[in-house]
Amino acid sequence: MTQESSQAGSGGGPHRVVVIVDENSNPFELGCATEVFGLRRPEIGRDLYDFRLCAAEPRTLMRDGFFTLTGVAGLEAVDAADTVIVPNRPDVEVPRRPAVLGAVRRAHERGARLVGFCSGAFTLAEAGVLDGRRATAHWQWADAFRERFPAVRLEEDVLFVDDGDVLTAAGSAAALDLGLHIVRRDHGAEIANAVSRRLVFAAHRDGGQRQFVERPVPDIPDESLAPVLAWAQERLDAPLTVAGLAARAAVSPATLHRRFRAQLGTTPLAWLTAERVALACRLIERGESRVDVVARRSGLGTAANLRTLMRRETGLTPSQYRHRFGPALKDRPEPSARG
């Protein structure tokens, strides 16, 4: 997860997020953007973003004529945005409006962050900002996308792709995953957790997880990983191993590995490492400045291992992370190992 954006907008105020709505846009992704970036956050004590909707026309008919959107800003709002969420819609073969594509190109040229949810990757590709870059799109349209935009490095079997200043999410629900990833990137793990709690949504699903499970769901869901995951999250500072997790789940390590791949799209060791790095981030955000203590309490062992894994997972060293996301007040409570 790269760390290239700023919490503050280019004008010094809150980071400005603008969503472009175009004819036949999907209401769900619009709702996801509004929930993550547009709501007031009294539980946090401040607003995280300055959020606006805009459209090319005064009246925009949403998908399948469900409703008509009016009363939003014009496309000129894009020119002042720090982050632009581009329109997505199911009719991927219909070209986007030239005015919309022009607004996206201008935003990209001046360094704004661009985000595409689901078929929004088509908008970004049509605007020419994805050539030579990594992106994802819904698996249903992967072949059509690859055929139309061969210069884009499509990663079709992941939830989302963070390519720095251009980010794309696969399906509709993955819009929430990418939105929370952006909040985490801008404001740290603690704030992202607060937003996810309000959404009653998983705080973190890694972008590299698969979009869907290929095997059918069994009639009796008796192989859920939830109990062993909850057990491990309570003991991240302990010397957990894959063999220990398998024993707790009463299965062989090979079976545990298969279930992790099927249900989470990752390996037990990769999941455990990601959970420990997330705990390390929360410890730093809540005021722990001693890297050896953070390493020990998060289960990462040594300061050297902490530095290596934090840089790999967040793009920042512990000191850089503390400088960016550390607490303003020194009397904030410290978390337990259960985070």
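In this predicted model, Y321 is buried, with a relative accessible area of 1%. Its ring pairs with that of F325: the two ring centres lie 4.7 Å apart and the planes meet at 55°, so the arrangement is classed as tilted. Both Y321 and F325 belong to helix α13, which spans residues 318-325. Their separation of 4 residues corresponds to about one turn of the helix. F325 likewise counts as buried, because its relative accessibility of 6% falls under the 20% cut-off.

The aromatic pairs of the structure number 6 in total. One of them joins F122 and F149, whose ring centres are 6.0 Å apart. The planes of F122 and F149 stand at 75°, and the pair is therefore edge-to-face, since angles over 60 degrees fall into that class. F122 is located in helix α3 (residues 120-126), whereas F149 occupies the loop between α4 (142-148) and β8 (153-154). The contact therefore ties together parts of the chain that are 27 residues apart in sequence. F122 is buried, at a relative accessible area of 0%. F149 is also buried, with a value of 11%. Ring pairs further connect F122 and F149 with F145, and these residues form a cluster.

Internal empty space was examined next. Across the whole structure, the search identifies 1 cavity of 30 Å³ or more. The largest cavity encloses about 90 Å³ of space. Its lining comprises 13 residues, of which V19, I20, L30, V86 and N88 are the closest to the centre. Three elements, namely β1 (15-21), α1 (27-38) and β5 (83-86), each contribute at least two residues to the lining of the largest cavity. By residue class, this lining consists of 9 nonpolar, 3 polar and 1 charged residues.

A contrasting environment is found at P98, which is placed in helix α2 (residues 98-109). P98 counts as exposed, because its relative accessibility of 68% is over the 50% limit for that class. Along the chain, P98 and A56 are 42 residues apart, and a distance of 9.8 Å separates their C-alpha atoms.

How values were computed: Residues numbered from 1 in each chain as written. Predicted model: local features only at pLDDT ≥ 70, side-chain atom pairs only at ≥ 80, totals over all residues. Heavy atoms only, no water. Buried < 20%, exposed > 50% of the residue type's maximum accessible area, 1.4 Å probe, protein only. Phe/Tyr/Trp six-rings, centres within 6.5 Å; stacked < 30°, edge-to-face > 60°. 1 Å grid on protein atoms, 1.4 Å probe; cavity = no way out; pocket = protein on both sides within 12 Å on 5 of 7 lines; lining within 4 Å. Points joined across faces, edges and corners; volume = space filled by probe spheres on them. Nonpolar A, V, L, I, M, F, W, Y, C, P; charged D, E, K, R; others polar.
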